Amino acid sequence: MSLEKIVIIGSGPAGTRAAETLLRQGCRNITGISEAPASGGQIYRRQPAGFGRQADEVYGSEAEKATALHRSFDALAGSIDYRPNALVWNIFDRKVFTNGPKGVDEIPFDRLVLTTGAMDRILPIPGWTLPGVFTLGGAQIALKHQACAIGRQVVFAGAGPLLYLVAWQYMKAGAHVVAVLDTSAFANKIAASLKLLALPRLMFRGLKFRRDLKAKGVALHEGVRLARVEGTQSVTAISFEKGGKKQWLACDAVGLGFGLNPEMQLAELAGARTRFDRTFRQWVLAHDGEGRVAEGVYVAGDGHAIGGADVAELTGERAAWAVLADLGLPVSAERQSVIRRALKRQAIFREGIEQSFPLPAEWLADTPDETILCRCENVTFGEVRAAITELEPNDVNRLKAFARPGMGRCQGRVCGHVLAELLAAETGRPLEEVGRLRGQAPVKPLHYKAAAGKAEGAVQVQQWLEQADKVLEDG
Ligand SMILES: Cc1cc2nc3c(=O)[nH]c(=O)nc-3n(C[C@H](O)[C@H](O)[C@H](O)COP(=O)(O)OP(=O)(O)OC[C@H]3O[C@@H](n4cnc5c(N)ncnc54)[C@H](O)[C@@H]3O)c2cc1C
């Protein structure tokens with residue numbers, strides 16, 4: 001048994017399996033924190049209280065896995081200190097800083113397991129900030145969580161497995177899906193098919209989505225180049241090019257997405273290093289192969305590298321075994337080797353997915369100057385290009401300081417990778433050389449008064465703001 005204080009951030013598939021394994025193997029001082037109101041994470045997000053849809057209506061073919069995960073988490077009740085609705089906004093001095101229903105709190109830890117999941121990856125196109133444009137994940141949350149569709153005539157556009165999945169889920173729920181506009185050509189999927197066959201069930205599930213969508217009359221266009229979301233007040237159409245021919249589809253909502261980006265900011269604050277992964281064309285967390293990223297800090301799930309829900313469960317358990325080994329508690333070498341083997345297959349499949357749906361980053365070089373790049377701070381491509389030409393920033397963090405993209409509410413979660421792609425394209429340098437936006441506290445917005453006295457810098461910010469209030473009051 002161990003009484004060392006273990007904090008787990010996140011209660012999705014990775015966090016749930018980590019907590020379950022640690023508890024089962026004798027850890028008795030576990031705190032689980034999640035900003036969500038309930039466990040389940042993104043994929044197995046639970047319905048709000050009062051919604052009574054059956055699991056297969058909400059999770060489709062994944063209903064059994066979702067129910068099993070929920071059951072596992074519910075069985076932990078009373079044995080771990082679970083704090084839902086609590087945002088972790090900083091990690092500092094071996095303490096986790098939260099803002100939850102009872103205000104701010106500092107939770108010291110001996111070991112920290114980070115399972116913070118992922119966020120949609122967006123490539124801006126003209127019109128992407130119009131009301132009626134949602135990320136694919138956002139469109140799915142509306143359906144899964146609230147049983148709402150994002151529009152009456154919906155087009156799903158972009159790349160990645162979520163594109164077909166969400167379109168299929170909308171169609172199944174009775175929404176009118178006008179079309180799927182896939183920026184990747186069919187030939188890419190054929191070329192990747194041997195890798196995708198590493199997990200035949202998942203590959204055939206993807207093929208079934210396509211077949212069902214076609215059978216219901218949903219237009220599937222592959223190898224398209226998205227031109228613009230049309231409309232002035234809200235979405236009225238989407239235009240694109242396919243085989244050199246310009247096309248146009250009327251719709252009132254667009255679900256847009258190009259895969260996912262790991263949520264790594266908290267891990268960086270906890271001392272983790274990142275590395276550039278060429279296959280994924282993105283930064284991921286560098287770990288020792290078992291999830292260790294720094295002294296007493298462990299990572300798992302989509303928050304360390306995008307892998308999907310099954311990988312999240314496996315790596316959540318893997319991180320727990322690493323914690324147990326470091327605590328000197330017994331570990332199951334057999335179980336660890338099963339996990340390693342399963343992850344190898346998953347990694348091959350994942351490569352197949354990346355090959356099937358490459359990010360069309362080359363578009364960014366031609367994105368019109370007036371297109372918004374950072375919607376929080378309202379910074380356009382033209383303004384960023386001007387900063388690159390005039391001020392010659394050598395990395396993406398300097399560019400942020402010069403032109404303000406990434407300084408708003410989302411802290412660069414949406415635009416950070418676009419900024420890096422644009423800087424690389426405009427200067428002809430490899431993407432990994434221009435760097436990535438550093439994770440900084442607070443990682444998500446919180447009221448400055450909530451933070452007062454709880455973290456370095458917060459008191460100073462409060463003093464500045466109080467002075468500003470006084471100046472305004474004094475006229
Ligand atoms: C919007 C969206 C929809 C998706 N839908 C699907 C799908 O339908 N099918 C599929 O196969 N995959 C889907 N994915 C991918 C899928 O989410 C993952 O593969 C899987 O859920 C990863 O599990 P995880 O435990 O790593 O992270 P998640 O399930 O994302 O869980 C992350 C956890 O961390 C918590 N968290 C994050 N940041 C903080 C913070 N600062 N403070 C406190 N808590 C925090 C969250 O509340 C959550 O509990 C989706 C991804 C996204 C982003």
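**Exercise 1. Find the polar contacts of the ligand.**

Task: Start at Thr115 and work out which ligand atom a backbone N or O atom of this residue lies 3.2 Å from.

Solution:
- Step 1. The partner of the Thr115 backbone N or O atom, at 3.2 Å, is an oxygen atom of the ligand. A polar contact here is a pair of N or O atoms within 3.5 Å; within protein, one must be able to donate a hydrogen and the other to accept it, and residues adjacent in sequence count only if both atoms are side-chain atoms.
- Step 2. Now look at Glu35: one of its backbone N or O atoms lies 3.0 Å from a nitrogen atom of the ligand.
- Step 3. Gln140 uses its side chain instead, with an N or O atom 2.5 Å from an oxygen atom of the ligand.
- Step 4. Widen the view: 32 residues surround the ligand, and the closest are Ala14, Ser34, Val88, Gln140 and Asp302. A residue counts as near if one of its heavy atoms lies within 4 Å.

Before going on, a word on the model: it is predicted, local features need pLDDT of at least 70, side-chain atom pairs count only at pLDDT 80 or more, and totals for chains, interfaces and linings use all residues. Residues are numbered from 1 along each chain as its sequence is written, and side-chain values use heavy atoms, with hydrogens and water left out.

**Exercise 2. Describe how H1 meets H9.**

Task: Determine the angle and handedness of the crossing of H1 and H9.

Solution:
- Step 1. Locate helix H1 at residues 13-24 and helix H9 at residues 309-327. Helices (H or I, at least four residues) and strands (E, at least two) are DSSP runs, numbered from the N terminus.
- Step 2. The two axes come within 7 Å and cross at roughly 35°. Axes are lines fitted to C-alpha atoms, for helices over the stretch in contact, and angles run from 0 to 180 degrees between N-to-C directions.
- Step 3. The crossing is right-handed: the near helix is turned clockwise from the far one by less than a right angle, whereas anticlockwise would be left-handed.
- Step 4. Among the residues making the contact (heavy atoms within 4.5 Å) are Arg17 and Leu22 of H1, and Gly316 and Trp321 of H9.

**Exercise 3. Lay out the five-stranded sheet.**

Task: Give the strand order of the open sheet of five strands, and find the helix that packs on it.

Solution:
- Step 1. The order is E9-E16-E10-E11-E12, with parallel pairing. Strands pair if DSSP finds at least two bridges between them.
- Step 2. At the edges are E9 (133-135) and E12 (219-222), each pairing on one side only.
- Step 3. The twist from one strand to the next averages 20°.
- Step 4. E11 (residues 177-182) is joined to E12 by four bridges, and Ala179 stands opposite Ala219 in E12.
- Step 5. Helix H4 (residues 136-146) packs on this sheet, touching E9, E10 and E16, and its direction makes about 90° with that of E9.

**Exercise 4. Check some backbone details.**

Task: Find the cis peptide bond, then two residues with positive phi.

Solution:
- Step 1. The bond from Ala441 to Pro442 is cis, with omega near -5°. Pro442 belongs to the loop between H13 (416-427) and H14 (448-451).
- Step 2. Asp93 is not a glycine, yet its phi is positive, about 55°; this residue lies in the loop between E4 (87-92) and E5 (95-100).
- Step 3. Arg281 takes a positive phi near 55° in the hairpin of E18 and E19, which has four residues between the strands.
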